[in-house]
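Let's talk through a two-chain model together, one question at a time. Have the viewer open beside you as you read.

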Amino acid sequence: MKGRGSRRWLVLAVVLGVVAAGVSGVGLAQERKVVIVSWGGDYQDALREAYWKPFEKKTDVRVVEDTRPLPPRIKAMVETGKVEWDVVDLTDGQYTEVRKIGGFERIDYSKLDAATLKLIDRTGQKTDAVMHQMASVGIAYRTDVFKGEGPKSWADFWDVKRFPGPRALGAPIGAGAYATLEAALLADGVPMDKLYPLDVDRALRKLGEIKPHVIKWYTTAVQPLQLLVDKEAVMVAAFSARIFLLQQKGAPVDFVWHQAMAFPMFLAIPKGAPHKDDAHRLISFMLQAENQARYGNIYYYGVANKRAYDTIPASKARFLTTFPKNLEMQFVQDADWWGKHAAAVNEKWNRWVLQ
Amino acid sequence: MSDEARRRSWWEALRRLLPLAPAFAFLLVFFVYPLLRMIGLSLEAPGGPLDYYAAIVRSPLYMTVLGLTFRTALGVTVVCVLLGVPTAYVLARTRGPVRSVLLVAVVLPFLTSILIRTYAWMAILGRNGVVNQLLLAAGVVASPLPLMHNAFGVYVGMTHVLLPFMILPVYSVLTGIDASLLRAAQSLGASPARTLRTVVLPLALPGIASGAMLVFLIAIGFYITPAILGGPREIMISNLIEVQVVELLNWGFGAALAFVLLVATTGLMVVFDRFLGLDRLTV
């Protein structure tokens with residue numbers, strides 16, 4: 001009885017050993033991969049179709065995906081030295097927070113395609129991150145509630161007599177991704193090029209005017225969409241791409257480009273990433289004009305490569321943040337200002353809300 | 001007692017505690033150590049070890065929100081007692097398949113995530129939600145009632161999640177009450193109401209107290225439900241901690257806030273123990 005038991009263990013151990021050796025052998029032969037982390041859903045589906053599948057086809061590098069590269073997760077990986085991610089996709093607010101703790105590798109620009117880099121705005125080329133697209137936050141409203149004439153500016157958003165109905169705005173508690181303070185200052189008559197440094201007290205005073213009409217100071221980007229679709233609010237601040245996607249599905253909503261806030265989204269390499277070389281190759285691939293054009297034709301964010309618009313029809317380009325006609329109506333968020341002041345604004349904000 | 005005997009009794013005590021070793025080791029690794037790390041983190045302020053705590057005390061925000069958190073948790077606990085105790089009583093008095101169905105109904109919500117249940121409440125309580133549609137169609141109200149994005153919505157959502165934690169301990173105490181005590185009360189001429197008041201409720205009190213404590217402790221840590229169903233003023237301390245950790249990457253300050261919450265909660269438990277006695281509780 002005892003003998004048979006131990007023999008069974010021996011057999012099991014041998015089998016496991018063989019399997020393990022086989023797996024690692026296969027691994028050694030084909031182990032070229034790069035791990036990229038984005039935000040899931042149809043957004044990540046679009047990135048996969050436009051960039052990652054063609055990249056796998058063209059190279060022998062497998063693209064492994066993960067989701068939700070939240071700054072605290074990057075911080076935890078970098079500080080414990082167990083970095084599993086090679087490329088992360090971040091808003092400029094998130095990028096600024098992680099940069100503060102020195103969480104990124106330097107981008108080696110000699111490994112990126114020089115001709116491609118000329119087509120990407122200089123401000124999008126940081127020492128430790130490259131812009132791959134721009135997104136916008138602006139006024140979104142129900143077209144079935146405001147038939148004929150909808151709101152055209154933040155002053156209209158504040159005009160509850162001409163445009164009655166509940167509103168929703170974001171709580172500026174993080175790195176200010178929801179443009180709430182900027183919107184208030186614009187509604188108060190501050191010109192777009194004079195917004196920064198933000199006059200927080202003035203913004204809060206102006207927000208006091210519509211406070212009774214704001215049913216929700218939301219804290220996640222999907223909340224304003226839900227509120228608009230459910231008609232809990234008739235006017236919100238929301239992300240342009242999300243609103244246009246709803247529009248395509250037949251929802252009676254529209255987005256206002258005038259006075260919207262544009263902000264870059266960056267690709268960056270966490271400090272200590274295991275596959276730095278292939279991370280650079282993937283980033284370089286994602287910036288090329290033809291690949292950016294493919295992405296711009298599939299999805300609704302603004303491509304970073306100017307040449308991409310050569311092959312995106314105007315009927316599609318009008319939905320994109322970086323389409324020149326759209327971009328000139330917007331302002332660009334100052335992430336550096338937010339990086340310095342986010343904590344103080346957060347506390348001031350919470351006290352104001354509880355007043 | 002001789003040295004020999006003392007040593008032997010030591011051994012006895014140790015041997016009796018030995019079965020607790022795995023649980024103790026588990027707590028040490030997964031609770032005590034992280035807790036100590038967290039406290040350590042909260043003392044790593046750039047200006048000095050107690051800087052984060054000084055900032056918390058100096059700003060009126062954090063104590064206000066801590067107060068709001070405790071108030072909400074207490075309110076939800078009261079609602080859970082008022083709804084949970086009668087439910088547990090009915091549950092304990094039914095027999096057979098009816099009781100099984102009712103018990104499953106109590107436990108079933110555990111199988112769905114809090115987030116999904118909270119979103120379901122949005123569909124029910126919204127301006128164009130089920131309740132308002134029905135009230136409008138029946139002509140009871142002229143315009144939609146504000147059932148959500150305020151304290152009411154938070155109370156509904158949190159009570160829904162926490163009610164089983166109230167019902168189950170009370171139910172287990174009630175089913176353990178010796179039926180002969182009830183018969184004795186009846187044979188001595190007590191009305192059903194008097195039996196309930198003088199026999200059942202006093203015996204059920206430990207269950208009610210432990211249920212209330214469970215609900216209160218879990219309620220203090222809520223943040224998703226208030227963030228979705230609440231209005232501007234429904235801020236819980238956990239929301240502030242989350243922003244410090246996730247958005248601002250200020251883990252030290254978040255840790256200090258968490259530790260303040262822990263101390264305040266522990267303080268409340270000590271007070272609770274003085275007046276009710278934690279060792280008398282049963283689950």
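The questions below go from the model itself to the interface, the cores and some local details.

Reader: What kind of model is this, and how are its parts numbered?

Author: Residues are numbered from 1 along each chain as its sequence is written, while chains are lettered from A and ligands numbered from 1 in the order in which they are written. Side-chain values use heavy atoms, leaving out hydrogens and water, and local features need pLDDT of at least 70, side-chain atom pairs count only at pLDDT 80 or more, and totals for chains, interfaces and linings use all residues, as this is a predicted model.

Reader: How much area do chain B and chain A bury between them?

Author: The size of an interface is often given as the accessible area lost when the parts come together. Here that is the area lost to a 1.4 Å probe, summed over both parts. In this model, 31 residues of chain B are in contact with 33 residues of chain A, contact meaning heavy atoms within 4.5 Å. Carbon and sulfur atoms carry 62% of the buried area, and the total is about 2600 Å².

Reader: How many residue pairs are in polar contact between chain B and chain A?

Author: Salt bridges (a side-chain nitrogen of Lys or Arg within 4 Å of a carboxyl oxygen of Asp or Glu) number zero between chain B and chain A. A polar contact is a pair of N or O atoms within 3.5 Å; within protein, one must be able to donate a hydrogen and the other to accept it, and residues adjacent in sequence count only if both atoms are side-chain atoms. With both residues at pLDDT 80 or more, the count of pairs between chain B and chain A is ten.

Reader: Which helix gives the most to the largest nonpolar core?

Author: A nonpolar core is a set of buried Ala, Val, Leu, Ile, Met, Phe, Trp, Tyr and Cys residues joined through side-chain atoms within 4.5 Å; buried is under 20% relative accessible area, exposed over 50%, and partly exposed in between (1.4 Å probe, protein chains only). The largest core has 178 residues, and A:W154, A:W158, A:L169, A:L207 and A:Y295 have the most contacts inside it. Helices (H or I, at least four residues) and strands (E, at least two) are DSSP runs, numbered from the N terminus. With 13 residues, the helix that gives the most to this core is α4(B).

Reader: Is B:S42 buried or exposed?

Author: B:S42 is placed in helix α2 (residues 21–42) of chain B. Beyond its neighbours within four places in sequence, B:S42 is in contact with B:P49, B:Y52, B:Y53, B:G252, B:A255 and B:A256. Because its relative accessibility is 0%, B:S42 counts as buried.

Reader: Where is A:K231, which has a positive phi?

Author: Most residues other than glycine have a negative phi. Phi of A:K231 is near 65°, and this residue is partly exposed, with a relative accessible area of 31%. A:K231 lies in chain A, in the loop between α9 and β8.

Reader: Which residues does a cis peptide bond join?

Author: Most peptide bonds are trans. The cis bond here has an omega of about -5°. Its proline is in the loop between α7 (180–187) and α8 (200–210) of chain A, and the two joined residues are A:Y196 and A:P197.

Key
Buried area = accessible area lost by both parts, 1.4 Å probe.
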